[in-house]
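Welcome, and thanks for taking a look at this model with us. Here is a short tour of its sheets, its core and a few side-chain pairs.

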Amino acid sequence: MAKYRKKPVVIEAWPIIDLLYDAEHSWESLPLPVQAAYDEGIFVFTDEALFVKTLEGDHRGEREDWLICGVAGEFYPCKPDIFEATYEAVP
């Protein structure tokens with residue numbers, strides 16, 4: 001079997017706990033891509049989770065997870081251990 005490495009691409013990502021707080025207390029503080037996706041019906045915010053509509057179906061992002069905006073503008077939640085193993089901050 002051949003092995004592959006991810007190409008070095010830059011994505012945007014936000015801690016879901018911060019998005020849940022802003023959605024409840026300070027809507028204008030939400031990142032613009034998140035606001036636009038919400039307006040398109042991609043997100044449902046609850047007190048405890050963020051539900052994301054994806055091509056693979058609806059996904060639940062927990063408070064400790066990250067929300068990623070991928071290279072094609074798609075959104076999906078990511079568990080913190082996977083996020084830490086896969087991504088690093090860009091200066």
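## Cysteines

A disulfide is taken here as a pair of cysteine sulfur atoms within 2.5 Å. With that cut-off in hand, we can turn to the model, which is a predicted one.

How many disulfides does a search of the whole structure find? The search finds 0. The sulfur of C69 has its closest cysteine sulfur in C78, and because the two are 13 Å apart, they are too far from each other for a bond. The view from the other end fits: C78 is in no disulfide, with the sulfur of C69 as its nearest, 13 Å away. As for their surroundings, C69 is buried, with a relative accessible area of 11%, and C78 is buried too, at 9% relative accessibility.

## The sheet of strands 2, 3 and 4

Let us move on to the strands. One open sheet is built from 3 strands in the order 2-3-4, with antiparallel pairing. Strand 2 (43-45) and strand 4 are at the edges; each has a single partner strand, so one side of each is left without a neighbour in the sheet. From one strand to the next, the twist averages 20°.

If you would like to trace the pairing, start with strand 2 and strand 3 (residues 49-54), which pair in the antiparallel sense over 3 bridges. Here V44 stands opposite F51 in strand 3. Strand 3 then pairs with strand 4, again antiparallel, over 6 bridges, and L50 is found opposite G61 in strand 4. Strand 3 and strand 4 also form a hairpin, with 2 residues between them.

## The sheet of strands 1, 5 and 6

A second set of 3 strands forms an open sheet in the order 1-5-6, and the pairing is antiparallel. At its edges are strand 1 (12-15) and strand 6, each of which pairs on one side only. Ignoring direction, neighbouring strands of this sheet are turned by 25° against each other on average.

Strand 1 and strand 5 run antiparallel and are joined by 4 bridges. For a landmark in this pairing, look for A13, which stands opposite I68 in strand 5.

## Helices across the sheets

Which strands does helix 1 (residues 16-25) lie across? Helix 1 lies across strand 2, strand 3 and strand 4, running at about 105° to strand 3. Helix 1 also lies across strand 1, strand 5 and strand 6, and there the angle to strand 1 is about 70°.

Helix 2 lies across strand 1, strand 5 and strand 6 as well, running at about 85° to strand 1.

## The nonpolar core

In soluble globular proteins, nonpolar side chains tend to be buried together. The largest nonpolar core of this model has 15 residues, and those that touch the most other members are L19, V34, F43, F45, L50, L67 and F75. Helix 1, helix 2 (32-39), strand 2, strand 3 and strand 5 are the elements that give two or more residues to this core. The largest share, 3 residues, comes from helix 1.

F45 is a good residue to click on. Leaving aside its neighbours within four places in sequence, F45 is in contact with L19, L20, A23, W27, L30, V34, Y38 and L50.

## Salt bridges

The structure holds 2 salt bridges. In one of them, R60 is paired with E62, and the closest N and O atoms are 2.5 Å apart. Both partners are partly exposed: R60 has a relative accessible area of 41%, and E62 one of 22%.

The other salt bridge joins D65 and K79, with the closest N and O atoms 3.2 Å apart. This pair links distant parts of the chain, 14 residues apart: D65 is in the loop between strand 4 (57-62) and strand 5 (66-69), while K79 is in the loop between strand 6 (75-78) and helix 3 (80-86). Is D65 buried or exposed? At 2% relative accessibility, D65 counts as buried, whereas K79 is partly exposed, at 40%.

## After helix 3

One last stop is E88, in the segment after helix 3. E88 is exposed, with a relative accessible area of 72%. In sequence E88 and V10 are 78 residues apart, yet their C-alpha atoms are 9.5 Å apart in space.

Conventions
Residues are numbered from 1 along each chain as its sequence is written. This is a predicted model: local features need pLDDT of at least 70, side-chain atom pairs count only at pLDDT 80 or more; totals for chains, interfaces and linings use all residues. Side-chain values use heavy atoms; hydrogens and water are left out. A salt bridge is a side-chain nitrogen of Lys or Arg within 4 Å of a carboxyl oxygen of Asp or Glu. Buried means under 20% relative accessible area, exposed over 50%, partly exposed in between (1.4 Å probe, protein chains only). Two strands pair if DSSP finds at least two bridges between them. Axes are lines fitted to C-alpha atoms, for helices over the stretch in contact, and angles run from 0 to 180 degrees between N-to-C directions. Contact means heavy atoms within 4.5 Å. A nonpolar core is a set of buried Ala, Val, Leu, Ile, Met, Phe, Trp, Tyr and Cys residues joined through side-chain atoms within 4.5 Å.
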